[in-house]
Structures are given as C-alpha cells and as structure tokens.
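Work through the exercises below with the sequence and coordinates open. Try each task before reading its solution.

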Amino acid sequence: MTQSTLKQKVARLRQAYAPHEHRPLGGYLAAMGTYAGVTASIAALAKATGRPVPERPAAADVVLLGIATHKLSRLLSKDAVTSPLRAPFTRYDRPTGSGEVMEQVRDSGSSTRHAIGELLSCPFCLAVWVATGLTGGLVLAPRLTRLVATALTAVAASDFLQMGYAVAQRAAEGGRQD
C-alpha cells in the first residue's frame, strides 16, 4: 500500500468518523505508533541488560509512581515555566492559577502537530506516557527513578499543602471582625 493510498484511507475514515469536526486521526496513529515504539524499546533494553522485571510491583512503588506521574504530567502539560516545550504545538489562552496556564491546540493543518498539542496540553493524556517512562525507569534504573519520583511526590504534597494553606488563610481573613 502506498503512502498516498494510506493517507486517502485515513482521510475517508476521519470524514466518516467525525464529519463535522476536525479529528487528527493520522496524528493519533503516529502518536500510538511512537508510544508502541518507546514501550518496545524499554522492554528490549530491559531484556538486553538482563534487568529483572518484577512479577508484582510493590504497593509502595505503585503509590510513589502514581503521585509522581500526577505531578510530572501536570508540570509538563500545565506549568507556566514549561510552556516553551508546548509552544510549537499550543497557543497561550489564559492563566488558571497556581502557576498553571490554559492553552489551546494549534491547528495548522498538520494532524501530527494537532495530536502532539492535545497530548502535551492534557495532563490525563500525558500521564500514560509519564507512567510508562517512570515504570521503565523503575526496571532500568530503580534507585534513580525512586529518587526522582520521591522529589516529584514531595512537590505534589507541597502543592496540596500550599493550596490548603491558601484556603485556610482566606477563611481566616473572611471571618475577621475588625
């Protein structure tokens, strides 16, 4: 099958799938292919290096990686400081508080660019990739991965404490009788 025939089939599928809205199915296919390649590479590297893959990950590692995945996904997809990483694929919309920004996906006609923009601006979408990377890291470099995950988990805990403090402070100021 030639590349132009494949593109035509994807275009027909996209039109049948969402006739009134642009959905970058070709970009999604590219993202899924990349994800499958990254996952296969991690598995091949684990096998080539002889790293043992745990039959059942420890509950503490699951919790640690879960919280670290949450924090790193939000950091990469929403943090104002990481916006230069997303800028080629998104457009700034507005601040949303707590150092985060809302961005819109750039739709420049490239389904791959659109799909990457959606991935990079969605913490839920990005979490799959982050969790895969951290899990691969747990197999390939467990000490370093646990150290990084611990730092990300500490930052996530700090974020929640900062937000709780701000809520308590507003409540205290609102109930003040001067």
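**Exercise 1. The core**

Task: List the residues of the largest nonpolar core, then find which helix gives the most to this core.

Solution. The model is predicted. Start with the members. The largest nonpolar core holds 11 residues: Leu-64, Leu-65, Ala-68, Leu-119, Leu-120, Leu-126, Val-130, Leu-134, Leu-138, Ala-149 and Leu-152. Next, assign them to helices. At least two core residues come from each of helix 3 (59-78), helix 5 (111-121), helix 6 (123-140) and helix 7 (142-174). Helix 6 contributes the most, 4 residues. Now take one core member, Val-130. Set aside its neighbours within four places in sequence; Val-130 then contacts Thr-69, Leu-72, Ser-73 and Leu-76.

**Exercise 2. The annotated spans**

Task: Compare the UniProt "transmembrane region" feature with the secondary structure of the model.

Solution. First, read the record. UniProt, in an unreviewed entry, places this feature at residues 25-46 and 119-141. Then check each span. Residues 25-46 are 100% helix and 0% strand. Their end C-alpha atoms are 31 Å apart. Residues 119-141 are 91% helix and 0% strand. Here the end C-alpha atoms lie 26 Å apart.

**Exercise 3. The hairpin**

Task: Describe how strand 1 and strand 2 are joined, and decide whether Ser-98 is buried or exposed.

Solution. Begin with the pairing. Strand 1 (residues 90-97) and strand 2 (residues 100-105) run antiparallel, joined by 6 bridges. One such pair: Thr-90 has Val-105 of strand 2 as its bridge partner. Move to the turn. The hairpin has 2 residues between the strands. Ser-98 lies in that loop. Ser-98 is not a glycine, yet its phi is positive, about 55°. Finally, apply the cut-off: exposed means over 50% relative accessible area. Ser-98 has 66% relative accessibility, so Ser-98 counts as exposed.

**Exercise 4. The whole chain**

Task: Work out the fold pattern, then test the chain against the globule rule.

Solution. Count the elements: 7 helices and 2 strands. Along the sequence they follow α-α-α-α-β-β-α-α-α. Next comes the radius of gyration, 21 Å. The globule rule gives 16 Å for 178 residues, and the chain's value is well over that, so the chain is more spread out than a compact globule. The C-alpha atoms fill a box of roughly 75 × 50 × 25 Å along the principal axes. Turn to burial: 26% of the 178 residues are buried. The chain exposes about 11,700 Å², with carbon and sulfur atoms supplying 64% of it. Last, look at contacts with a separation of 6 or more: residues 24 or more positions apart account for 57% of them.

Terms used: Residues numbered from 1 in each chain as written. Predicted model: local features only at pLDDT ≥ 70, side-chain atom pairs only at ≥ 80, totals over all residues. Heavy atoms only, no water. UniProt positions renumbered as here; feature names shortened; annotations may be inferred. Core = buried A, V, L, I, M, F, W, Y, C linked by side-chain atoms within 4.5 Å. Buried < 20%, exposed > 50% of the residue type's maximum accessible area, 1.4 Å probe, protein only. Contact = heavy atoms within 4.5 Å. Pairing = 2+ DSSP bridges. Rg over C-alpha atoms; globule rule 2.2 N^0.38 Å. Areas by Shrake-Rupley, 256 points an atom, 1.4 Å probe, with all protein chains shown as cover.
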